[in-house]
Amino acid sequence: MPWPRLARAEDGAPTVLRVQKRTLEVNRKAATVFGVSQPNGTIGLVTQVGSRFRVQLDNQSGEPTLMHWHGLKPPYQQDGVPEISGPLIPSGATEHYDFPLAYSGTFWMHSHQGLQEQNLLDAPLIIHESKRPADEQEIVVMLHDFTFRAPTEILADLRKSAPPATGMDMGDMKMGGMRSMQGMPMDLNDIAFDAFLANDRTLGDPDVIRVEPGGQVLLRIINGAAASNFMVDLRPLSASLVAVDGHAVKPVPGSGFPIAMAQRLDLRLTLPKDEGAYPLFAVLEGERKRTGIILATARGKVGRLADSAAAKAPTLGFDFEHRLRAVVPLVAKVADRSHDVELTGSMEKYDWGINGASYGNDKPLMVATGERVEITMTNKTMMSHPMHTHGHFFQVVALNDKRFAGAVRDVVLVPPMNTVTIAFDADNPGRWVFHCHNLYHMESGMMTTIRYQGI
């Protein structure tokens, strides 16, 4: 299936998206996964700012589902969270969506039903600016962690296993892999995945994208992994980071960029003027395993690439987040309301929650329309948590005790025993989920709601 490089949604008739089962070959073995594509086979959707998001979602998957438009600000009834936004879409049924698109950027869509996201029920969602560089080639890269096992089986094993502090290998499941972060032990990569994918492919059969010598490229990288963070490695090329989670940042140059679960990176680069082939790797946090794509000119020679890096990728902390500054920050304002939140749980029982309570036993975070709201999240666990707000984007305004005007985002990583403060304007009344985007943590309870008074 083609990835969304040229296809656009029209502003008139709704764009049809079909949720279907498909067969994917991974490491020479067939697997049945989900797919979200248009009738012409194009995966996902590309549209333009200022238009309306008019989508007809046809569920042909054989299972009930519901689609979340990650990073967008729809009416809450169209946000795609079962029991909060609305009912599941039965197989064979259709749902319609219609709301304005006020800002551009790199976003994505994914199921919020059970563990369907692990089986690739997601796709890119790109909103173009009204004017774009005519000579810039746009390339979408979507990352996944992949398993041949049923996600429900993985979660059951996580819940029944009690890993020792040093970690151990339990067949297909690696539990409690310990790493060190600034001298402090932490748990990393509690699932041993069978493969890591970039645009549905491994490095054994990578996506090769043809580029022009000396060409300008915009890479839109989406981490659609269910439980994996990565370090993007462009070497020997370098790029400028120009946006995170669809929101512009002051350019940050480099060859390596961390990307947590559900985050997005927009990278601008200029290719060498000579013919050649240039790999883009995504290396698993704390390990050597990697996936990637290849940018190759017409006569560039594409060689075989190992699926292991020469060295382990670092663990993700605050070093990168400290460097980010929003191009359009929130208007400076004292918070009208503040919430202190503890991220709680453990690997031993695989029970995760917010303020000591799992979803269903949680206490909503109340806000009122028009307020500036701050949420301070303190991670009391030994695993990092990528925290996501629905229906709003936020600005990172403090890391531990250091306040600053950081990036505007919709997902921020909170490392073990660290604190992040985010600020947002309560400008989209409704009931919105606030959760960890590690799928297995969310499904095990690390979710609550942000609720507007009177809704």
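1. A residue is called buried when its relative accessible area is under 20%. By that rule, buried residues make up 60% of the 455 residues in the chain. This is a predicted model, and the points below should be read with that in mind.

2. On the overall form, the C-alpha trace of the chain spans about 60 × 55 × 45 Å along its principal axes. A compact globule with 455 residues would have a radius of gyration near 23 Å, and the chain, at 21 Å, agrees with that expectation. Its secondary structure comes to 3 helices and 35 strands. Of the contacts in the chain between residues at least 6 apart in sequence, 74% join residues at least 24 apart, so a student following the fold should be ready to look well along the sequence for the partners of a given residue.

3. The strands at the start of the chain give a clear example of pairing. In general, the strands of a sheet pair through backbone hydrogen bonds, in either a parallel or an antiparallel sense. Strand E1 (residues 15-26) and strand E2 (residues 29-37) run antiparallel and are joined by 9 bridges; among the bridge partners, Arg-18 is matched with Ser-37 in E2, and Glu-25 with Ala-30 in E2. The hairpin of E1 and E2 has 2 residues between the strands, and Asn-27 in this hairpin takes a positive phi near 50 degrees.

4. Which strand pairs with E1 in the parallel sense? That partner is strand E4 (residues 52-60), and the pairing runs over 6 bridges. Within E4, Gln-60 is the bridge partner of Gln-20.

5. Further along the chain, an open sheet of 5 strands has the order E15-E23-E22-E17-E20, with mixed pairing. Its edge strands are strand E15 (208-210) and strand E20 (256-259), each of which pairs on one side only. From one strand to the next, the twist averages 20 degrees. Inside this order, strand E22 (residues 277-284) pairs with E23 in the antiparallel sense over 7 bridges, and Leu-280 stands opposite Ile-293 in E23.

6. The nonpolar interior deserves a point of its own. As a general matter, nonpolar side chains in soluble globular proteins tend to be buried together. Here the largest nonpolar core has 81 residues, and those touching the most other members are Ile-221, Leu-241, Leu-267, Ile-375, Met-377 and Tyr-440. Apart from it lies another core, of 24 residues, which includes Leu-57, Phe-99, Phe-107 and Ile-127. If neighbours within four places in sequence are left aside, the contacts of Ile-221 include Val-141, Leu-143, Val-232, Ile-259, Leu-267 and Leu-280, and also Gln-263 and Arg-264.

7. Is Arg-264, one of those contacts of Ile-221, buried or exposed? Arg-264 counts as buried because its relative accessibility is 0%, which lies under the 20% cut-off. Arg-264 belongs to strand E21 (residues 264-270), and its side chain makes a polar contact with the side chain of His-70, at 3.4 Å.

8. Gly-300 is found in the loop between strand E23 (290-296) and helix H2 (319-323). With a relative accessible area of 13%, Gly-300 is buried. Not counting residues up to four places away in sequence, Gly-300 touches Arg-210, Glu-275, Gly-276 and Ala-277. Gly-300 and Val-211 are 89 residues apart in sequence, while their C-alpha atoms are 9.6 Å apart in space.

9. Two loop residues are worth checking for their backbone angles, since neither of them is a glycine. Leu-120 has a positive phi of about 70 degrees and is placed in the loop between strand E7 (105-111) and strand E8 (122-128); its relative accessible area of 1% makes Leu-120 buried. Tyr-350 has a positive phi near 50 degrees and is placed in the loop between strand E24 (337-346) and strand E25 (351-354); Tyr-350 is buried as well, with a relative accessible area of 2%.

10. Where is the cis peptide bond that joins Arg-235 and Pro-236, in terms of the strands around Pro-236? Pro-236 lies in the loop between strand E17 (230-233) and strand E18 (239-244), and omega for this bond is about 10 degrees.

Note on methods
Residues are numbered from 1 along each chain as its sequence is written. This is a predicted model: local features need pLDDT of at least 70, side-chain atom pairs count only at pLDDT 80 or more; totals for chains, interfaces and linings use all residues. Side-chain values use heavy atoms; hydrogens and water are left out. Helices (H or I, at least four residues) and strands (E, at least two) are DSSP runs, numbered from the N terminus. Buried means under 20% relative accessible area, exposed over 50%, partly exposed in between (1.4 Å probe, protein chains only). A polar contact is a pair of N or O atoms within 3.5 Å; within protein, one must be able to donate a hydrogen and the other to accept it, and residues adjacent in sequence count only if both atoms are side-chain atoms. Contact means heavy atoms within 4.5 Å. Two strands pair if DSSP finds at least two bridges between them. Axes are lines fitted to C-alpha atoms, for helices over the stretch in contact, and angles run from 0 to 180 degrees between N-to-C directions. A nonpolar core is a set of buried Ala, Val, Leu, Ile, Met, Phe, Trp, Tyr and Cys residues joined through side-chain atoms within 4.5 Å. The radius of gyration is taken over C-alpha atoms; the globule rule is 2.2 Å times the number of residues to the power 0.38.
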